[in-house]
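Q: I am new to reading protein structures. Could you pick one part of this model and walk me through it closely?

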Amino acid sequence: MASSVTEPRPSDSSPAAGAAAGPGTPETHPKRRKGLSERNRPLWLLIPGGLLMTIVILVPLAMGIWMSLIDLDQYTLRQWVSAEFIGIQNYIEAAMSSDLLRSIWLSVSFAVISTVVTIPLGVAAAVVTQNAYRGRALVRSIFLIPYVLPSFVVASVWRTMLQPDGIVNVTLNNMGMDGGLWLNGPNAYWTLVWVEIWAAWPFIYLLALSGLQAVDHEVHEASALDGALWWNKLRYVIFPYLKGPVSLAFLLATLNHINNFTLPYVLFGAPAPSDVNVLPILVYVTSFQSFRFGLSAAMAVVSLILIAIPLFIYLRAVRLDVHEGGKK
Amino acid sequence: MTLDAANPIEQQKKQPIRRDAALEVTRLMPRPLLAILTVLLCALVLTPIAYIFLASLNTDVGVASGEFWPSSFSLDSYSKIWDSVGLAKAIGNSLIVSGATAVVSAIMAIGTAYVLVRFSFWGRLTVLRGLLGLQSIPGTLMLLPVFVLFSSAGTYLGVTVIGTLWGLFIAYLTFALPFSTWVMVTYLRGLPRELEEAARIDGASNIGILFRIIIPLSWPGIIVSAIFAFLLGWNDVLFASVFTRPDTHTAAVALQVFASAVEGGAIPVYSQLMAAALVCAAPVVVLYFMFQKYLVGGLTAGSVK
């Protein structure tokens, strides 16, 4: 009965074949499901998780879409089942007479700017901790601190530091500069970008690190033999290894930035100043402060569609069906 | 040599190169530049961190006037926050909800992941794809329907959910389950099958294999998925700000409420705010550094694997 699981595996069974076996054998599985048992499956184990996910995820998701099509406010909320169906009117209102389009622009630009700045930071951090030296473990731990701290703590701290009389402005004054307002007005947008960068760059660092670890020792030796200058080596030898992990990091980080509610909420409060009225805040305020639930649901659906684009690219790119064990 | 071929044979090529020579070869940048970059990055991280510590040891007036180095050190803030923020109760609530989320999602994740990794069935790839996709659903999209569901439970079933920790727990499972399951999927993929095959030949059932082989071998994965579920609950502000009353506030909401009250007050008590922030961060940081070895891989589990 175990015949289906004991078939030789293409890549792992012949390590001695080494590099030469590389191109032909691995990647091409003639039978995709090889190694997965089809008999005697304990599928009932899927029931608890599946049931719970259906109740807590799929049902609310369907309800969210339905709610975007009905006229729902604080008066009709209790009898939401019988609220009036108004089709796409919520969407029309969201597009024509709300801050939605502006919020989309703010969210997307904020997310892209943050990601673009964090990538060189993260890659640099990965490169400088690549070689072992005394104290490297400590440096690596330090690099992870911003990522480990809860967002609400990070935001509270920066909010305190950026108060009009806070430490940042006092320091700037001592240096002869005028700080001005950071948590309100046009500067608020750049405050949000800055704090997000501070909190998020270690994510890129982690992914870049995993990319660097794939670089073989022989590659280093070969470029040393060629006498490559360090920046040429980085540019032409090392960075190609990082292309994959960093592109994934780009997608995921952008998604995370767009979805980030905690940071703008704790930094600026709700309702937020108009320059940082990003999508999650807009949806939240429309629901729980203006009580325009239907309108808010429509905005939420629009934001889902917005993030579905990078999400789709990501799901296409990631390999879902790797079954052979051993390697990461 | 192709990039793909380079990876699987990594283990074999521990060639006898002298250590210092090897270091010289793998160095990516000149030493001074490495040092400068390292120092800059550490300064970027540590300056605000130093500020939190110093401000929490300062007096409230000192912090409000923009001091970096306190003119007098005191631990007063750390004793005041338990009354002024109600921090003990809030941290207790956070521990209960996040802990329950961690345990339940880890238990459910292992069974689900075992089936997903070792058995084929119709819709398997869709489920895997769904697990990844669901992690990116914006919380703000789920918040309203979940809120309405919970308030309907009050209207139609007479069960109060909003304002209780139960509601929060269910909401956190929404996000923790797909993530924990995915972490377990990536972990189980790395386990060798030989033990399971041997057990099967000895007549073990699927469930026997799950309990006697998979679970004992997967403790690191289980811990990682539980910790991430815990962090998810601990770090959340969105759901907690809507679903809790003052007596069920979590640490995140208590801090947020305190922060807004601080700025409205006559004397802003920023020192207490910083002390409370540190106390809220402490469990997470401790957990993190205790399990750092396992967690670093898990942080990127959803993405590269």
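A: **A close look at helix 8 of chain B**

Let's begin where the helix has just ended: Gly158(B), right after helix 8 of chain B, has a positive phi of about 75 degrees. Keep in mind that this is a predicted model.

Now step back into the helix itself. Helix 8 of chain B covers residues 139-157, which is 19 residues. From its first C-alpha to its last it reaches 26 Å, close to the 27 Å expected at 1.5 Å a residue.

Next, look at what surrounds it. Buried residues in helix 8 of chain B include Gly139(B), Thr140(B), Leu141(B), Met142(B), Pro145(B) and Phe150(B). The buried residues of this helix pack against parts of both chains. On chain A, the partners are helix 1, helix 9 (230-259), helix 11 (279-288) and helix 12 (293-317). On chain B, they are helix 9 (165-189) and helix 13 (238-243).

That brings us to the contact between the chains: 108 residues of chain A are in contact with 101 residues of chain B. Helix 1 (residues 46-67) of chain A gives the largest share of chain A's side, 11 residues. Sorted by class, that side of chain A has 67 nonpolar, 28 polar and 13 charged residues.

For contrast, try a spot elsewhere in chain B. Pro220(B) sits in helix 12 (residues 219-235) of chain B. Pro220(B) counts as partly exposed because 16 other C-beta atoms lie within 10 Å, while a buried residue needs 20 or more. Its C-alpha is 6.6 Å from that of Tyr294(B), although the two residues are 74 residues apart along the chain.

Key:
Residues numbered from 1 in each chain as written. Chains lettered and ligands numbered in written order. Predicted model: local features only at pLDDT ≥ 70, side-chain atom pairs only at ≥ 80, totals over all residues. Contact = placed C-beta atoms within 7 Å. Helix = DSSP H or I, 4+ residues; strand = E, 2+ residues; numbered from the N terminus. Nonpolar A, V, L, I, M, F, W, Y, C, P; charged D, E, K, R; others polar. Buried ≥ 20, exposed ≤ 12 C-beta atoms within 10 Å, placed from the backbone. Expected span 1.5 Å × (residues − 1).
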